Amino acid sequence: MRISMRNTIIDYYRYTQQACILLPLFFMIQANSILAQQYFRFDYLPVKSNNTSLQYPWTGGINNAQFGMVDVNHDNRKDLVVYNKSNNNFLIFTSTQNNSTQYHFSSKYAAHFPPVNGWFIMKDYNCDGIEDIFTYNNVANIKVYTAYYTNDTLKFKLQQDGFFYQGVSGKINLYCSDVIKPALADVNKDGDLDVISFNVFGNRLQYYENQQKELALPCDSLFFTKADNCWGNVLDTLAAAYALNDTCTFKFNRPNSNENIMHTGSSLAAIDIDANETTDLAIGSIGLNSLTLLYNLGTKNYASIQQQDITFPNYNIPFDVSSFGSPSFVDANNDGFTDMLVSTFDVGTANINNIWYYKNIKTIGSPSIELALQQKNFLLENMIDAGENSYPCFFDADGDGLKDILLGSGGFKDYVQAAVYKLQLYKNIGNVEQAAFELIDDDYLGVSTLNVKDLAPAIGDIDNDNDTDIVVGLSDGKLIYWENTAITGNAPNLLYKGLLKDATGIAINVGANATPCLVDINRDGKTDLIIGERNGNLNYYTGNSVDSIDFAFVTDSLGKIRIKTNGLSIGFTQPTIADINNDSKYDLLLGTNISGLLKYYNIEDNLTGTFISSGNVVSESIGMRTSSTIADISNDTKAELLCGNIAGGLTIFSQFPPPIIPSTIYENRLEEFAFSVFPNPANHSISVSLKAHFSNISVQIINTIGQEIFHRAFSNINTFEINTSTFNKGLYLLKISDGKNIGFQKILIQH
């Protein structure tokens, strides 16, 4: 019988999870070899910051967020969907309980969300009770993806590409752009979704009325008429205040005057904030740091803006950042009331304190909305965040034999104060088998005082004295370094030495955005220097001394690599060199601007030739401006891969299978949050007893390849049971959290 390699790998998964399938040894060896080269995401390694456990540290970071809510896992509770515009990806946070902003990061659902561009809106347009996705279609128009369930997983299919209305000479598109986010709402209260957007000049609002109800069309119909060329009788004056009671001479006709384009860039969100049965608009506009709210005092059929709040909400703490805001009205805490989340719209703007959460503090029985700022770092407070352009590096900073994380940054920017550029040190507080991390130094080595930018660290024996030094690449293409002066075998003692120079005494400079890697790539016993850069190539400096720093330039075209972005000489290469396929030869992991993390096998035997990529290291997207570091942090002979990106966070992967985190980690924390499991090993069920009574807890069960197979919230409980009869035989990790503390235990299922 012929067995494909794909089926062999699937069988190997089953073997690992069930511990009961015996495969022929030949195929097991083949599967194990292939899987050893693959990397699988897992999100459960514990991380602490400021004595607090981060609930979802490994998201990869968020900048320039837009929000929607939909039930992604079909459990009848709305979950939070984040469109991370800086990375052009989705992050999914499943709701664990009502009346709470405690979410569980669920990376597996994002793969089923469609590609979007510029902006996205979640609204149910086809009357099935599931929110669909609207986004820009790249040709001045809108497209919609219809949501549907396959079993308990939410998926999407493209339903309609282009929204149109009937003009005098034919169909005309509903105008928008990638920087003009329209508002979708039932403006005339007839039961279908209408559209409000800016005109091509960017100065007047246009109202497109959906004709689904008027023409008795099916519920999923999207056919429009342009009902108002100057909705609300307002004119955008390129200032916070709109001109009210505008003459709108062409109000119900196509515009024929010669108007100048005033600006391009607005984000609209529709809401009836004062409960008067008319649609109000919250608007973020380019050039403004605040939100403007236009109060509609007309009727559902005729908008009349007579009041405005140019620093919304001026009765509380107005939104104020360096980029025009993108407001979303969602029930962020699942209490049944509409709240507001606001983030920056433009990429490259404020990357800290850039997600503002306003809670609706109106009580039951009051239909209007009153917002009160709760925090400026919503979600961000629970994840590793280096601002933007994160560059991780595994490094034993204290000589305890455990790999810590040294994290470089493209800057922490709020545009109120000057940007801060620094290194962060996350100490490994676990043990040799079970890694866990804690931020112990937010400005490691005092780099913020050195007046340098865009920090990309690397470690290695730069002076060939058998210890570990640090080199950091900078935005100007130069490098700085710290020499380890400690006696061999002791904890590093790092002495700042300034700019790194070549053998001729000239400061090494690759042009812009240097990203170094220290490795003896030619196997001659001397450390060499490989440097990526903004232009997308690799620079190679060979080491020429066995006991000092002596780098000689060889080429700026190592491997003939030249990564480009849309034809431009922008590649932002970041090299990591290690043996990733276990053939005792150096391979290259190459971070890039938009091409992901690429792999090149056995480069050491072809240093004068052309490196050929074997594709991406991981199957899922890890964002733009990718970077990486690799090490076996659990001493199980399987490497862990840590990746940074433009959004400033980190994601972590492991060779098959990812490490299990048993209960010995964070023993001091488990004394605060302890529980017992009986029976263990188990058959059809387990009984869990908490050491105290908790009002709300989140319970997860994770299998040996890092997949979450069970997740449920419990309220007002100290004992509960979980049915395990459908679980495969094997080892699992039980994780319980009360939002502040986390406990872990292994459980073994034996049917």
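The paragraphs below lead through a predicted model, from the chain as a whole to its pockets and then to single residues.

The chain is built with 3 helices and 49 strands. Its C-alpha trace extends about 80 × 70 × 55 Å along the principal axes, and its radius of gyration is 28 Å, which agrees with the value near 27 Å that a compact globule of 751 residues would have. Of these 751 residues, 59% count as buried. When contacts between residues at least 6 apart in sequence are considered, 51% of them join residues at least 24 apart.

The largest pocket is a natural place to begin. About 1200 Å³ of space lies within the largest pocket, and of the 50 residues that line it, those closest to its centre are Arg41, Ser107, Lys108, Ala111 and Glu620. At least two lining residues come from each of strand E1 (39-41), strand E6 (89-95) and strand E7 (103-105), and likewise from each of strand E44 (650-655), strand E46 (685-702) and strand E47 (708-723). Sorted by class, the lining of the largest pocket consists of 23 nonpolar, 20 polar and 7 charged residues.

The second largest pocket holds about 790 Å³ of space. Its lining is made up of 38 residues, and Met122, Lys123, Leu184, Ala270 and Phe329 lie nearest its centre. Two or more lining residues are given to the second largest pocket by each of strand E4 (65-70), strand E8 (120-123), strand E15 (183-185), E19 and strand E23 (325-330). The lining of the second largest pocket divides into 21 nonpolar, 7 polar and 10 charged residues.

Strand E19, which contributes to the lining of the second largest pocket, also marks one end of a loop that deserves attention. This loop runs between strand E18 (224-228) and strand E19 (266-271), and tyrosine 242 lies in it. Is tyrosine 242 buried or exposed? Tyrosine 242 is buried, because its relative accessible area is 5%, and the cut-off for a buried residue is under 20%. Beyond its neighbours within four places in sequence, tyrosine 242 is in contact with Phe198, Val234, Leu235 and Asp236, and also with Ile283, Ser285, Thr292, Leu294 and Gln308. As for its distance from serine 343, which is 101 residues away along the chain, the C-alpha atoms of the two residues are separated by 22 Å.

Asparagine 210 offers a buried site within a strand, since it is found in strand E17 (residues 205-210) and has a relative accessible area of 1%. A polar atom of the asparagine 210 side chain lies 3.1 Å from the backbone nitrogen of glutamine 212. Once neighbours within four places in sequence are left aside, the contacts of asparagine 210 are with Asp190, Asp192, Leu193 and Asp194, together with Ser221, Leu222, Phe223 and Phe224.

Lysine 735, in strand E48 (residues 730-737), also counts as buried, because its relative accessibility is 9%. Leaving aside its neighbours within four places in sequence, lysine 735 is in contact with Ser698, Val699 and Gln700, as well as with Ile742, Gly743 and Phe744.

The remaining sites concern the backbone. Most residues other than glycine have a negative phi, and most peptide bonds are trans. Asparagine 88, in the loop between strand E5 (79-84) and E6, has a positive phi of about 55 degrees although it is not a glycine. Asparagine 513, in the loop between strand E34 (494-499) and strand E35 (515-519), is likewise not a glycine and has a positive phi of about 55 degrees. How do the relative accessibilities class these two asparagines? Asparagine 88, at 45%, counts as partly exposed, whereas asparagine 513, at 12%, counts as buried.

Two cis peptide bonds can be followed in the model, beginning with the bond that joins phenylalanine 312 and proline 313, where omega is about -10 degrees. Proline 313 has its place in the loop between strand E22 (305-309) and E23, and strand E23 is one of the elements that line the second largest pocket. The peptide bond from asparagine 680 to proline 681 is also cis, with omega near 15 degrees. Proline 681 is placed in the loop between strand E45 (675-678) and E46, and strand E46 in turn supplies at least two residues of the lining of the largest pocket.

Technical notes: Residues numbered from 1 in each chain as written. Heavy atoms only, no water. Helix = DSSP H or I, 4+ residues; strand = E, 2+ residues; numbered from the N terminus. Buried < 20%, exposed > 50% of the residue type's maximum accessible area, 1.4 Å probe, protein only. Contact = heavy atoms within 4.5 Å. 1 Å grid on protein atoms, 1.4 Å probe; cavity = no way out; pocket = protein on both sides within 12 Å on 5 of 7 lines; lining within 4 Å. Points joined across faces, edges and corners; volume = space filled by probe spheres on them. Nonpolar A, V, L, I, M, F, W, Y, C, P; charged D, E, K, R; others polar. Polar contact = N/O pair within 3.5 Å; in protein donor to acceptor, adjacent residues only side chain to side chain. Rg over C-alpha atoms; globule rule 2.2 N^0.38 Å.
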